[in-house]
Amino acid sequence: MNDETTRTTTSTSPAISGADEAVNRVLDASRDKIIAVLPEVVDKAAREAFADYTPEAAARIAETMIGILIGTICRDYPGVCTDTEPGHFDHFNHEHSVTNKDGEHILDVGFVQLSDGGPAAIYIGGMHHEDLRPEEVRAKTAELRRLLDQADEMADKVIAMTAVHAGGVQA
Ligand SMILES: [Zn+2]
């Protein structure tokens, strides 16, 4: 679904605080070593912590953590935000849409959380229309239903992440 490249980057994110700087220094020095051991460590931890442990789930968690470490996955909204720029402040996902035959957007759903501190938003929008032959309608409405399911999934994830952020320790 996402066309995320697994690009690695050595550029450091803009410093937010001294603590972040210290973390970044440690990470820069030992990132490769941490990444090398992470799958095994996460697998061991998940095996002990999760009643419904599976090797696949542990591998997915490790993959996400590695993505965050190398900066290809957003650390604030992993799995929702598609900005792969390390240290970014504006979060978004504009990758879900249903288009007509000309490639114009009939319906879009997406996610935005801007660095001005405004609330996270899931948007549903549309711009263009399409005339369909009756036999084409069900395929297109199925596509639209899937798109709206994606909006629900994003909203659920963002609600869960917002609860985590709100309950987390504020520096
Ligand atoms: Zn982000």
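## A cysteine in a loop

Cys81 sits in the loop that runs between H2 and E1. The structure you are looking at is a predicted model, so please read every value here as computed from that prediction. Is Cys81 buried or exposed? It is buried, because 23 other C-beta atoms lie within 10 Å, and the cut-off for a buried residue is 20 or more.

Which residues does Cys81 meet, leaving aside its neighbours within four places in sequence? Its contacts are Cys74, Asp76, His91, Phe92, Asn93 and Phe111. Take Phe92 from that list: Cys81 and Phe92 are 11 residues apart in sequence, while their C-alpha atoms are 5.0 Å apart in space.

## Two more residues in the loop

Gly87 also belongs to the loop between H2 and E1. It counts as partly exposed, because it has 14 C-beta neighbours inside 10 Å. Gly87 and Asp76 are separated by 11 residues in sequence and by 10.0 Å in space, C-alpha to C-alpha.

His88 is in the loop between H2 and E1 as well. With 17 other C-beta atoms within 10 Å, His88 is partly exposed. From His88 to Cys74 there are 14 places in sequence and 8.1 Å in space, going from C-alpha to C-alpha.

## The whole protein

Now let us step back. How many helices and strands does the protein have? Its secondary structure consists of 3 helices and 3 strands. Following the sequence from start to end, you meet them in the pattern α-α-β-β-β-α.

The protein has 171 residues, and 11% of them are buried. Among contacts with a separation of 6 or more, 45% join residues that are 24 or more positions apart.

## A pair of helices

Start with helix H1 (residues 18-49) and helix H2 (residues 55-70), which pack with their axes 8 Å apart and at an angle of about 165°. That angle makes H1 roughly antiparallel to H2, because angles over 145 degrees count as roughly antiparallel. The crossing of the two helices, H1 and H2, is right-handed. Residues from both helices make the contact, including Leu27, Ile34, Leu38 and Pro39 of H1 and Ala59, Ala62, Ile66 and Leu69 of H2.

Pro39 is worth a visit, and you will find it in helix H1. It has 17 C-beta neighbours inside 10 Å, so Pro39 counts as partly exposed. Leaving aside neighbours within four places in sequence, Pro39 is in contact with Ala59 and Ala62. Pro39 and Ile66 are 27 residues apart in sequence, with 8.8 Å between their C-alpha atoms.

## The sheet

In what order do the 3 strands of the open sheet come? The order is E1-E2-E3, with antiparallel pairing. E1 and E3 are the edge strands, each pairing on one side only. On average, neighbouring strands of this sheet are turned by 10° against each other, ignoring direction.

Strand E1 (residues 91-99) pairs with E2 in the antiparallel sense, over 7 bridges. Within this partnership, Val98 stands opposite Leu107 in E2. The hairpin of E1 and E2 has 5 residues between the strands, and there Gly103 takes a positive phi near 85°. On to the next pair: E2 and strand E3 (residues 121-125) run antiparallel and are joined by 5 bridges. Here Gly110 stands opposite Tyr123 in E3, and Val109 has Ile124 of E3 as its bridge partner.

## The nonpolar core

Which residues make up the largest nonpolar core? There are 11 of them: Ile73, Cys74, Tyr77, Val80, Cys81, Val109, Phe111, Ala120, Ile122, Met154 and Val158. Strand E2 (105-113) and helix H3 (134-167) are the elements that give two or more residues to this core. As background, nonpolar side chains tend to be buried together in soluble globular proteins.

Two members of the core have already appeared in this tour: Cys81 from the loop and Val109 from the sheet. Not counting residues up to four places away in sequence, Val109 touches His96, Ile122, Tyr123, Ile124, Leu147, Leu148, Gln150 and Ala151. One of these contacts, Ile122, is listed in the core too.

Notes
Residues are numbered from 1 along each chain as its sequence is written. This is a predicted model: local features need pLDDT of at least 70, side-chain atom pairs count only at pLDDT 80 or more; totals for chains, interfaces and linings use all residues. A nonpolar core is a set of buried Ala, Val, Leu, Ile, Met, Phe, Trp, Tyr and Cys residues joined through C-beta atoms within 7 Å. A residue is buried if 20 or more other C-beta atoms lie within 10 Å of its own, exposed if 12 or fewer, and partly exposed in between; C-beta atoms are placed from the backbone. Helices (H or I, at least four residues) and strands (E, at least two) are DSSP runs, numbered from the N terminus. Two residues are in contact if their C-beta atoms, placed from the backbone, lie within 7 Å. Two strands pair if DSSP finds at least two bridges between them. Axes are lines fitted to C-alpha atoms, for helices over the stretch in contact, and angles run from 0 to 180 degrees between N-to-C directions. Angles under 35 degrees count as roughly parallel, over 145 as roughly antiparallel, 65 to 115 as roughly perpendicular and the rest as oblique. A crossing is left-handed if the near helix is turned anticlockwise from the far one by less than a right angle, and right-handed if clockwise.
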